[in-house]
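Biologist: Could you take me through this model and its ligand sites? Please show it before we begin.

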Amino acid sequence: MASRLRLFAAGPTPGADGNSDPNPGISGKAAAGEREGGAKRPEPPRREVTDLGGGSEVVHLQRFVDREKAWEWFDYLDKTIPWNRPELRVFGRTAQPRDVCYVADEGLPDLKYSGHQPHAHSWDEFPVLKDILKAVHEALPGSCFNSLLLNRYKTGADYVSWHADDEPLYGPTPEIASVSFGCERDFVLRKKPTKSQAASGSGEAARKRLKLAAPQQQHSFFLKHGSLLVMRGYTQRDWQHSVPKRAKASSPRINLTFRHVLT
Ligand SMILES: O=C(O)CCC(=O)C(=O)O
Ligand SMILES: [Fe+2]
């Protein structure tokens, strides 16, 4: 389906929340295109805003971090994070589809998802995560993330199945900021079935009837190395997202999802 997409190019750009964008882009060196002798003014990364309707929105900065810095952060995370691969219960089945780790401020309520309660590491153990968090806060004025779920997809066989990050501890309209490093993967959003659609029956026949009656709205984003994608508003209430398996994706991808746990 056609997305309702707004593009904001260089210069102070209004964010979805009406804020201007002071983020000059995260770079380990001077930005390309800077004129010699001129003022050092790296171009802000272009942000694409997709209005999903009904108060849900996705903001995508494909070049949030430059390639060099992004590889530096990838290597650090790949080597330093104490990755573990828990057995998650997804729709009654156990699966081990990716490596994970959880970092959070002290004293927050515990996170529990898919039958798994991860140990909360401290930000102090991983100084680079504090740098990445700072860059995300600068790109998203008004944001205040206090927890982080890290995912590592070793190959294209690793994935995250359809879900919404709609745990009550995030509140009704959470902002979730997702930074990607390494192998480029698809990120897909689909509209949750409405209550009446869900009530129309279960099983393969009902699913087929539903598909014919109302093709499910879907949006796809290609998450590049060094990109930032933000889900806002009612996206977790009304939509599900996934990173599907991809046979052709042979190298690892690391993804960081920053969240705010209500206190
Ligand atoms: O890897 C991604 O891009 C998404 C991860 C995700 O949805 C999650 O951690 O809840
Ligand atoms: Fe998620």
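Biologist: How many residues surround ligand 1, and which are the closest?

Modeller: There are 13 residues around ligand 1, and the closest are Asn-151, Tyr-153, His-241, Arg-253 and Arg-259. A residue is near a molecule if one of its heavy atoms lies within 4 Å of it.

Biologist: Before we go on, what should I know about the numbering and the values?

Modeller: This is a predicted model, in which local features need pLDDT of at least 70 and side-chain atom pairs count only at pLDDT 80 or more, while totals for chains, interfaces and linings use all residues. Residues are numbered from 1 along each chain as its sequence is written, chains are lettered from A and ligands numbered from 1 in the order in which they are written, and side-chain values use heavy atoms, with hydrogens and water left out.

Biologist: Which strands each supply at least two residues of the shell around ligand 1?

Modeller: Strand 8 (147–153), strand 14 (239–243) and strand 15 (253–259) each do so. The largest share, four residues, comes from strand 15. Strands here are DSSP runs of E with at least two residues, numbered from the N terminus.

Biologist: And how does the shell around ligand 1 divide by class?

Modeller: It has five nonpolar, five polar and three charged residues. Ala, Val, Leu, Ile, Met, Phe, Trp, Tyr, Cys and Pro count as nonpolar, Asp, Glu, Lys and Arg as charged, and the others, Gly among them, as polar.

Biologist: Which side chains have an N or O atom paired with an oxygen atom of ligand 1?

Modeller: Tyr-153 is one of them, with a side-chain N or O atom 2.5 Å from an oxygen atom of ligand 1. For His-163, a polar side-chain atom lies 3.1 Å from a ligand 1 oxygen, and for Asn-255 the separation is 3.3 Å. The protein covers 98% of the 290 Å² of accessible area that ligand 1 has on its own; such areas come from the Shrake-Rupley method with a 1.4 Å probe.

Biologist: Turning to the metal, which residues coordinate the iron ion (ligand 2)?

Modeller: His-163 (NE2), Asp-165 (OD) and His-241 (NE2) coordinate the iron ion, at 2.1 to 2.2 Å. In sequence these donor residues are spaced H-x1-D-x75-H. Donors are N, O and S atoms within 2.8 Å of the metal (3.2 Å for Na, K and Ca), and water is not among the atoms, so sites may look incomplete.

Biologist: Is Asp-165 buried or exposed?

Modeller: Asp-165 is buried, at 7% relative accessible area, whereas His-163 is partly exposed, at 22%. Buried means under 20% relative accessible area, exposed over 50%, and partly exposed in between, with a 1.4 Å probe and protein chains only.

Biologist: What does the UniProt record mark as "binding site"?

Modeller: The unreviewed UniProt entry gives that annotation to Asn-151, Tyr-153, His-163, His-241, Arg-253, Thr-257 and Arg-259. It also covers Phe-91, Gly-92, Arg-93 and Asp-166. Such annotations may be inferred rather than shown by experiment.

Biologist: Where do Phe-91 and Asp-166 lie?

Modeller: Phe-91 is in the loop between strand 4 (88–90) and strand 5 (93–95), and is exposed at 68% relative accessibility. Asp-166 belongs to the loop between strand 9 (160–163) and strand 10 (176–182), and is partly exposed at 41%. Arg-253, by contrast, is in strand 15 and is buried, at 1%.

Biologist: What does the side chain of Arg-152 contact?

Modeller: Its side chain makes a polar contact with that of Asp-78, at 2.9 Å. A polar contact is a pair of N or O atoms within 3.5 Å; within protein, one must be able to donate a hydrogen and the other to accept it, and residues adjacent in sequence count only if both atoms are side-chain atoms. Arg-152 is in strand 8 and is buried, at 11% relative accessibility.

Biologist: Finally, what about Ser-114?

Modeller: Ser-114 has a positive phi of about 45° although it is not a glycine. Its place is in the loop between strand 6 (99–104) and strand 7 (120–121), and Ser-114 is partly exposed, at 32%.
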